[in-house]
Amino acid sequence: MDKFEKMEELKIAMMRKVIYREEMPAEIYGIVKESFEGVLNRYNNMACNNLSIQEYMQGNLEYIKFYINENLGEKRKEAQMEQVQDIVRRIEGNLEDIETLENDKNRQEGYREEINQIDSKNQEMTANIITAMEETLKDVQSRQNRILDSNGFSMDRIEQINQNVQDFIRYYVSRNQEKIYEVLEKDSDSLKEELLSEYEQYLLQNLSERRANEQQNEEEQEEKTKREEFIERLDAGISLEEQKDFSEKQTNELEKERKNEEQENSISSLDENVII
């Protein structure tokens with residue numbers, strides 16, 4: 001596999017890490033769902049729970065989950081994808097300098113740092129999730145107030161219920177804002193680790209191939225040197241009989257080396273079978 005094919009594999013592997021990732025961690029939806037359950041519990045405790053508000057809350061819950069997934073989650077993935085594409089393009093731009101890259105620790109470390117610095121917009125996402133959750137729960141409050149009013153609840157009682165739920169929303173948002181951010185950060189760190197793993201495998205593959213080529217070149221050079229020495233000895237002005245003896249001696253030595261290698265390989269193979 002040539003360097004362009006290996007680069008294409010790296011590009012595809014890193015892109016897939018982003019493309020096939022969930023738009024948002026499942027914990028985020030759990031936090032949002034818990035906020036709705038908390039409001040419903042307040043309505044239960046204040047004896048004003050009813051089927052209409054339950055159905056309305058369920059609809060709002062489905063809406064906010066869809067909004068977080070399709071809107072906020074997609075924006076987050078787009079930001080991640082753009083940065084990964086930029087990093088891959090820079091690596092690809094140095095492809096002709098790959099031999100230097102494998103030995104250039106500073107450049108390698110630079111790409112690792114770029115991967116580690118990928119910004120998933122987690123602070124922005126946290127603020128947007130919190131805002132969406134607050135607005136959706138306040139919409140539930142407004143709906144419940146109208147339902148309670150139509151059911152004959154007094155204005156004082158409705159205000160008391162409304163204030164109780166409002167206090168819960170304020171408390172819940174304050175308590176979970178940092179948690180939401182931490183969940184997003186953990187998810188981002190996981191993505192970075194996966195991207196780094198792909199990059200390290202790419203470097204290792206290139207390094208292994210380069211070492212194999214270097215070893216092959218060394219062996220070819222050694223064989224070439226032996227042949228040149230052999231020819232020089234033949235052309236050294238010695239008699240035909242001496243040339244014949246020397247040629248036979250060199251041939252026997254090469255054959256002996258070949259048999260020794262075969263024997264060592266055979267013993268090595270037997271040792272591996274015994275270990276297995």
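The following exchange goes through the helices, two helix pairs and the nonpolar cores of a predicted model.

Reader: What makes up the protein, in helices and strands?

Author: The protein has eight helices and zero strands. From the N terminus on, the order is therefore written α-α-α-α-α-α-α-α.

Reader: Why are α3 and α6 called roughly antiparallel or roughly parallel?

Author: The axes of α3 and α6 cross at roughly 160°. Angles over 145 degrees count as roughly antiparallel, so α3 is roughly antiparallel to α6. The two axes come within 10 Å, and the crossing is right-handed.

Reader: Which residues make the contact between α3 and α6?

Author: On the α3 side they include Ile53, Met57, Ile64 and Ile68. On the α6 side they include Met125, Ile129, Met133 and Val140. Polar names are also among them, such as Asn60 of α3 and Asn128 of α6.

Reader: How do you know whether α2 and α6 are parallel or antiparallel?

Author: Their axes cross at roughly 25°. The cut-off for roughly parallel is under 35 degrees, and α2 and α6 are therefore roughly parallel. Their axes come within 11 Å, in a right-handed crossing. Among the residues that meet are Ile28, Phe36 and Tyr43 in α2, and Leu137, Val140 and Gln144 in α6.

Reader: What makes a group of residues a nonpolar core?

Author: The members must be buried residues of certain kinds, Ile and Tyr among them, joined through side-chain atoms within 4.5 Å. The largest such core has 35 residues, of which Tyr43 and Ile68 touch the most other members. At least two residues each come from α2 (26-45), α3 (51-93), α6 (122-150) and α7 (155-234). The largest share, 10 residues, is from α7.

Reader: Which residues does Tyr43 touch?

Author: Leaving aside residues up to four places away in sequence, Tyr43 touches Cys48, Asn49, Ile53, Met57, Val140, Gln141, Gln144, Ile161 and Val165.

Reader: Where else is there a core?

Author: A second, separate core of 20 residues includes Met7, Ile91, Leu191 and Tyr202. In soluble globular proteins, nonpolar side chains tend to be buried together.

Reader: What share of the protein is called buried?

Author: Buried residues make up 33% of the 276 residues. The cut-off for that word is under 20% relative accessible area. The accessible surface of the protein comes to about 17,400 Å², and carbon and sulfur atoms hold 45% of it.

Reader: How many of the contacts join residues at least 24 apart in sequence?

Author: Among contacts between residues at least 6 apart in sequence, 86% join residues at least 24 apart.

How values were computed: Residues are numbered from 1 along each chain as its sequence is written. This is a predicted model: local features need pLDDT of at least 70, side-chain atom pairs count only at pLDDT 80 or more; totals for chains, interfaces and linings use all residues. Side-chain values use heavy atoms; hydrogens and water are left out. Buried means under 20% relative accessible area, exposed over 50%, partly exposed in between (1.4 Å probe, protein chains only). Helices (H or I, at least four residues) and strands (E, at least two) are DSSP runs, numbered from the N terminus. Contact means heavy atoms within 4.5 Å. Accessible areas come from the Shrake-Rupley method with a 1.4 Å probe; for residues, only the protein chains shown count as cover. Axes are lines fitted to C-alpha atoms, for helices over the stretch in contact, and angles run from 0 to 180 degrees between N-to-C directions. Angles under 35 degrees count as roughly parallel, over 145 as roughly antiparallel, 65 to 115 as roughly perpendicular and the rest as oblique. A crossing is left-handed if the near helix is turned anticlockwise from the far one by less than a right angle, and right-handed if clockwise.
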